[in-house]
Amino acid sequence: MDIAALSDLRQARRLVIKVGSALLVDKGRARTAWLASLAAEIAELRQTCEVLLVSSGAIALGAARLGLPHGGRGSLADAQAAASVGQVELARLWSDALGAQDITAAQMLVTLGDLEDRRRYLNVSATLGRLLAAGAVPVVNENDSVATEEIRFGDNDRLAARIAQAAGADAVLLLSDVDGLFDRDPREPGARRIARVDGVSPEIMAMATADSGSGLGSGGMRAKLQAARIAERAGIALAIINGTRPAPFAAALAQDSGTVFVPQSGASARKAWLGGRLAPAGSVTVDQGCMAALDNGASVLAAGVTAVQGDFVRGDLVAVYGPGGERLGQGLVEYAAAECRAIMGLREDQQARTLGYAPRAAVVHRDHMVRL
């Protein structure tokens with residue numbers, strides 16, 4: 001499906017909408033009138049496509065109920081406690097808002113591990129598919145009551161892109177507090193909105209700031225661009241629009257605002273999953289010759305490895321870096337970290353003598369690797 005402009009999102013067969021904390025919550029209270037207007041838009045969109053929601057807001061709502069400082073983000077324990085209380089309120093808000101449109105809301109809480117582990121990822125995919133087939137709107141959020149700093153997404157922008165992969169969605173709509181991506185901070189004079197992005201390049205990433213203006217969320221434009229990278233690799237379009245207005249999608253269409261990131265490839269489902277994974281167990285660095293070979297579709301061979309970081313086992317996800325520190329890709333490693341260190345830089349015959357057995361075809365085989 002060709003989605004190259006904001007209006008094309010109406011053609012999507014399956015759409016993921018991400019709602020941030022600052023849009024849903026104001027000074028600890030839910031913006032119920034705004035939420036009702038969005039629910040009406042969702043009802044209209046459902047006449048032609050299936051809709052999934054990724055919603056923040058649990059920590060902000062729970063912090064207000066418990067009287068926790070710093071919006072519940074003063075410590076990990078505060079955030080987990082706030083999420084535990086706020087998730088109940090968040091589910092009720094969506095159930096009421098969608099219920100007013102005769103739509104059944106379904107809650108799904110996920111952790112990073114649910115989408116990093118292939119088997120659990122497929123289970124998430126199957127559950128989402130069944131809910132949509134039954135006519136429900138899944139409302140997904142990170143399970144912040146159990147997530148820790150080391151095992152969490154940290155922002156719902158990237159979660160939305162991963163849920164779009166798992167659900168087989170055509171497009172993601174990120175509701176933000178700005179009118180899209182600008183070539184610099186939009187508060188600066190002369191800042192220019194970028195209406196369409198064909199590939200998130202380093203130059204595009206340089207336009208982003210990691211700041212989240214409201215202080216409630218954990219995203220920012222950098223997280224949205226990282227989400228766009230995940231989406232475009234999976235052949236999914238992603239759009240950023242200003243969600244602060246009532247009926248935000250209609251408002252963005254009327255004003256011809258927002259930014260659309262055009263899909264760049266239609267990778268296989270497994271390679272799209274690999275490319276979207278966020279938590280490598282370690283990394284390998286390769287030399288110039290190996291990097292050139294990777295550009296021609298080769299695998300990562302031990303002879304081209306110059307450094308190994310981390311403590312991983314065979315089958316873990318590792319990042320692949322070039323000689324200048326540039327990230328080239330990531331994939332499933334064929335050796336444990338200690339074995340990689342023992343054979344790095346060695347030819348095949350030398351590897352056999354070091355390992356005591358015939359070496360495998362590659363450290364990271366091209367069939368189990370994606371370029372980033």
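Select first the open sheet of eight strands, ordered S5-S6-S4-S1-S7-S11-S12-S10 with mixed pairing. Strands here are DSSP runs of E with at least two residues, helices are runs of H or I with at least four, and both are numbered from the N terminus. Two strands pair if DSSP finds at least two bridges between them. At the edges stand strand S5 (104-110) and strand S10 (196-197); each has a single partner strand, so one side of each is left without a neighbour in the sheet.

The model is predicted: local features need pLDDT of at least 70, side-chain atom pairs count only at pLDDT 80 or more, and totals for chains, interfaces and linings use all residues. Residues are numbered from 1 along each chain as its sequence is written, and side-chain values use heavy atoms, with hydrogens and water left out.

**Inside the eight-stranded sheet**

Select strand S4 (residues 50-55) and strand S6 (residues 136-142). The two run parallel and are joined by two bridges. Display Leu53 and look for its bridge partner in S6, which is Val139.

Now add helix H4 (residues 76-99). H4 lies across strand S1 (14-19), S4, S5 and S6, and runs at about 150° to S5. Axes are lines fitted to C-alpha atoms, for helices over the stretch in contact, and angles run from 0 to 180 degrees between N-to-C directions. Contact means heavy atoms within 4.5 Å.

Move on to helix H10 (residues 248-255), which lies across strand S7 (171-176) and strand S11 (237-242). The angle between H10 and S11 is about 90°.

**Two positive phi values beside H10**

Select Ala247, in the loop between S11 and H10. Ala247 is not a glycine, yet has a positive phi of about 45°. With a relative accessible area of 23%, Ala247 is partly exposed; the scale calls a residue buried under 20%, exposed over 50% and partly exposed in between, using a 1.4 Å probe and protein chains only.

Then select Asp256, in the loop between H10 and strand S12 (259-261). Asp256 also is not a glycine and has a positive phi, of about 50°. Its relative accessibility is 60%, and Asp256 counts as exposed.

**Annotated binding-site residues**

Select Ser56, Asp144 and Asn156, which UniProt lists for "binding site" in an unreviewed entry. They are spread over 101 residues of sequence but cluster in space, the largest C-alpha distance being 11.1 Å. UniProt positions are given in the numbering used here, feature names are shortened, and annotations may be inferred rather than shown by experiment.

Ser56 is in the loop between S4 and helix H3 (58-66). Is Ser56 buried or exposed? At 12% relative accessibility, Ser56 counts as buried. Leaving aside neighbours within four places in sequence, the contacts of Ser56 include Lys18, Gly20, Leu90, Asn141 and Asn156.

Asp144 sits in the loop between S6 and H7. Asp144 has a relative accessible area of 12% and is buried.

**The H6 and H7 crossing**

Select helix H6 (residues 118-133) and helix H7 (residues 156-167). Their axes come within 8 Å and cross at roughly 75°. That makes H6 roughly perpendicular to H7; angles under 35 degrees count as roughly parallel, over 145 as roughly antiparallel, 65 to 115 as roughly perpendicular and the rest as oblique.

Show side chains at the contact: Tyr121, Val124, Ser125 and Leu128 in H6 meet Arg162, Ile163, Gln165, Ala166 and Ala167 in H7. These residues divide into six nonpolar, two polar and one charged. Here Ala, Val, Leu, Ile, Met, Phe, Trp, Tyr, Cys and Pro count as nonpolar, Asp, Glu, Lys and Arg as charged, and the others, Gly among them, as polar.

**The five-stranded sheet**

Next, select the open sheet of five strands in the order S14-S13-S15-S16-S17, with mixed pairing. Strand S14 (305-310) and strand S17 (364-371) are at the edges, each with a single partner strand, so one side of each lacks a neighbour in the sheet. On average, neighbouring strands of this sheet are turned by 30° against each other, direction ignored.

Strand S13 (residues 282-286) and S14 run antiparallel and are joined by five bridges. Which residue in S14 is the bridge partner of Val284? The partner is Val308.

Select residues 282-364, covered by the UniProt annotation "domain: PUA" in an unreviewed entry. Over residues 282-364 the chain is 28% helix and 29% strand, and the end C-alpha atoms are 12 Å apart.

Finish at Gly304, in the loop between helix H12 (288-295) and S14. Gly304 counts as buried, at 8% relative accessibility. Beyond its neighbours within four places in sequence, Gly304 is in contact with Thr285, Val286, Asp287 and Cys290. For a look back, measure from Gly304 to Leu174: the two are 130 residues apart in sequence and 40 Å apart in space, C-alpha to C-alpha.
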